[in-house]
Amino acid sequence: MEKEQLKEELKAQVIEFLNLAPMTAAEIKDDMPFFGEGLGLDSIDSLELVVMLKRQYGIDIQDPKEGRKILVDINTMADYVEKNRTIPEH
């Protein structure tokens with residue numbers, strides 16, 4: 001899967017898992033921070049994203065420090081998924 005396709009897939013999953021509709025994938029920029037001024041997500045949302053990565057890509061994030069490095073924006077999440085996924089592409 002091309003990196004851009006993966007980013008679009010991640011955006012759609014973030015919207016679905018966090019119930020952000022009517023937001024669309026086009027509204028989430030690749031470098032838009034998930035927390036604070038960006039999407040405004042909170043700690044509960046970060047747990048939902050960890051669950052999403054486990055279910056969709058087989059990525060098990062146990063260390064909160066690792067999670068903070070991965071769950072920055074779509075770019076960091078896509079880089080990590082690309083290198084660490086254990087579930088094959090759909």
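The legends below describe an overall view and several close-up views of a predicted model.

**Figure 1. Overall fold of the predicted model****.** The secondary structure consists of four helices and zero strands, in the order α-α-α-α along the sequence. The C-alpha trace spans about 30 × 30 × 20 Å along its principal axes. For 90 residues, a compact globule would have a radius of gyration near 12 Å, and the protein agrees with this at 12 Å. Of contacts between residues at least 6 apart in sequence, 61% join residues at least 24 apart.

**Figure 2. Surface and charge of the protein****.** The exposed area is about 5500 Å², of which carbon and sulfur atoms supply 51%. Buried residues account for 38% of the 90 residues. There are 11 positive and 19 negative side chains. The centres of these two sets are 5 Å apart.

**Figure 3. The largest nonpolar core****.** This core holds 24 residues. The members that touch the most other members are L10, F34, L49, M52, L53, M77 and V81. Two or more core residues come from each of the elements α1 (3–17), α2 (43–57) and α4 (74–84).

**Figure 4. Surroundings of F34, a residue of the largest nonpolar core****.** With residues up to four places away in sequence not counted, F34 touches L39, G40, L41, L49, L71, V72, D73, I74 and M77. Among these partners, L49 and M77 are listed with F34 as core residues that touch the most other members.

**Figure 5. M1 and its contacts****.** M1 belongs to the segment before α1. With a relative accessible area of 35%, M1 is partly exposed, because that value falls between the 20% limit for buried and the 50% limit for exposed. Apart from neighbours within four places in sequence, M1 contacts L6, E9 and E89. M1 and E89 are separated by 88 residues in sequence, while their C-alpha atoms are 7.3 Å apart in space.

**Figure 6. K7, a buried lysine in helix α1****.** K7 is part of helix α1. Its relative accessibility is 9%, so K7 counts as buried, the limit being under 20%. Outside the neighbours within four places in sequence, the residues in contact with K7 are D30, I74, N75 and A78.

**Figure 7. F17 in helix α1****.** F17 is a residue of helix α1. Leaving aside neighbours within four places in sequence, F17 is in contact with E48, M52, R55 and Q56. One of these partners, M52, is listed among the residues of the largest nonpolar core that touch the most other members. F17 and K69 lie 52 residues apart in sequence and 20 Å apart in space, from C-alpha to C-alpha.

**Figure 8. Backbone of the loop between α1 and α2 at N19 and P22****.** Most residues other than glycine have a negative phi, and most peptide bonds are trans. N19, in the loop between α1 and α2, has a positive phi, near 55°. With a relative accessible area of 66%, N19 is exposed, since the limit for that class is over 50%. P22 is also placed in the loop between α1 and α2. The peptide bond from A21 to P22 is cis, and its omega is near 20°.

Key
Residues numbered from 1 in each chain as written. Predicted model: local features only at pLDDT ≥ 70, side-chain atom pairs only at ≥ 80, totals over all residues. Heavy atoms only, no water. Core = buried A, V, L, I, M, F, W, Y, C linked by side-chain atoms within 4.5 Å. Buried < 20%, exposed > 50% of the residue type's maximum accessible area, 1.4 Å probe, protein only. Contact = heavy atoms within 4.5 Å. Rg over C-alpha atoms; globule rule 2.2 N^0.38 Å. Areas by Shrake-Rupley, 256 points an atom, 1.4 Å probe, with all protein chains shown as cover. Lys, Arg positive; Asp, Glu negative; His and termini not counted. Charge placed at Lys NZ, Arg CZ, Asp CG, Glu CD.
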